[in-house]
Amino acid sequence: MTEVHAITSAGRSHTDQLDDRTRRYLIMMAIRVAAFVGAYLADGWLRWTLVAAAVILPMIAVIIANAGSERRQMPNTYLDDHALPARPEDREEQ
């Protein structure tokens with residue numbers, strides 16, 4: 001018996017996934033810029049915390065951006081292939 005998948009098991013397009021990853025990366029880099037500005041304006045332990053965040057954020061952002069496509073789950077919407085109309089080749093064999 002062959003598995004027939006419903007269209008609902010199709011994933012998102014590569015362009016949509018790339019746009020989402022780019023958006024997440026840019027948001028994290030904006031947070032990094034804010035951390036640098038905050039480190040310039042802050043004093044004491046807060047300054048060093050913001051500097052550490054600004055140093056670590058690019059590594060995290062790259063890992064998230066390169067995480068790749070989303071994982072797809074096995075669909076629970078299989079079609080019953082016996083319910084599908086027969087192909088013309090199958091009708092000739094009968």
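Here are some notes on this predicted model, for someone meeting it for the first time.

1. Let's start with the overall layout. The protein chain has 3 helices and 2 strands. Follow the sequence from its start and the elements come in the order β-α-α-β-α.

2. A few totals help with orientation. The protein chain has 94 residues, and 17% of them are buried. Its accessible surface is about 7,900 Å², with carbon and sulfur atoms accounting for 61% of that. As for contacts between residues at least 6 apart in sequence, 78% of them link residues at least 24 apart.

3. Next, have a look at how two of the helices pack. Two packed helices are described by the angle between their axes and the distance between the axes. Here, helix 1 covers residues 14-41 and helix 2 covers residues 45-65. Their axes sit 8 Å apart, at an angle of about 170 degrees. An angle over 145 degrees counts as roughly antiparallel, and helix 1 and helix 2 are therefore roughly antiparallel to each other.

4. Who makes that contact? On the helix 1 side you'll find Arg21, Arg24, Tyr25, Met28, Met29, Ile31, Arg32, Ala35, Phe36, Gly38, Ala39 and Tyr40. Helix 2 answers with Arg47, Leu50, Val51, Ala54, Leu57, Pro58, Ile60, Ala61, Val62, Ile64 and Ala65. Sorted by class, the contact has 18 nonpolar residues, 1 polar and 4 charged.

5. Ala54 is a handy residue to click on. It belongs to helix 2 and is one of the residues in the contact with helix 1. Is Ala54 buried or exposed? Its relative accessibility is 0%, so Ala54 counts as buried. Leaving aside residues up to four places away in sequence, Ala54 touches Arg32, Ala35 and Phe36, and these three are also listed on the helix 1 side of the contact. Ile31 is another residue to check: its C-alpha atom is 8.1 Å from that of Ala54, with the two positions 23 residues apart along the chain.

6. Now for the charged pairs. Side chains of opposite charge can pair when their charged atoms come close. How many salt bridges does a search of the whole structure find? The search turns up 2.

7. One salt bridge joins Arg23 to Asp20, with 2.9 Å between the closest N and O atoms. Both residues are in helix 1, 3 residues apart, which is about one turn of the helix. Arg23 has a relative accessible area of 49%, so it is partly exposed. Asp20 is partly exposed as well, at 24%.

8. The other pairs Asp43 with Arg47, at 4.0 Å from N to O. With a relative accessibility of 63%, Asp43 counts as exposed, while Arg47 is partly exposed at 29%. Arg47 deserves a second look, as it also appears among the helix 2 residues that touch helix 1.

Conventions: Residues numbered from 1 in each chain as written. Predicted model: local features only at pLDDT ≥ 70, side-chain atom pairs only at ≥ 80, totals over all residues. Heavy atoms only, no water. Axes fitted to C-alpha atoms, helices over the stretch in contact; angles between N-to-C directions. Helix = DSSP H or I, 4+ residues; strand = E, 2+ residues; numbered from the N terminus. Parallel < 35°, antiparallel > 145°, perpendicular 65-115°, else oblique. Contact = heavy atoms within 4.5 Å. Nonpolar A, V, L, I, M, F, W, Y, C, P; charged D, E, K, R; others polar. Salt bridge = Lys/Arg side-chain N within 4 Å of Asp/Glu carboxyl O. Buried < 20%, exposed > 50% of the residue type's maximum accessible area, 1.4 Å probe, protein only. Areas by Shrake-Rupley, 256 points an atom, 1.4 Å probe, with all protein chains shown as cover.
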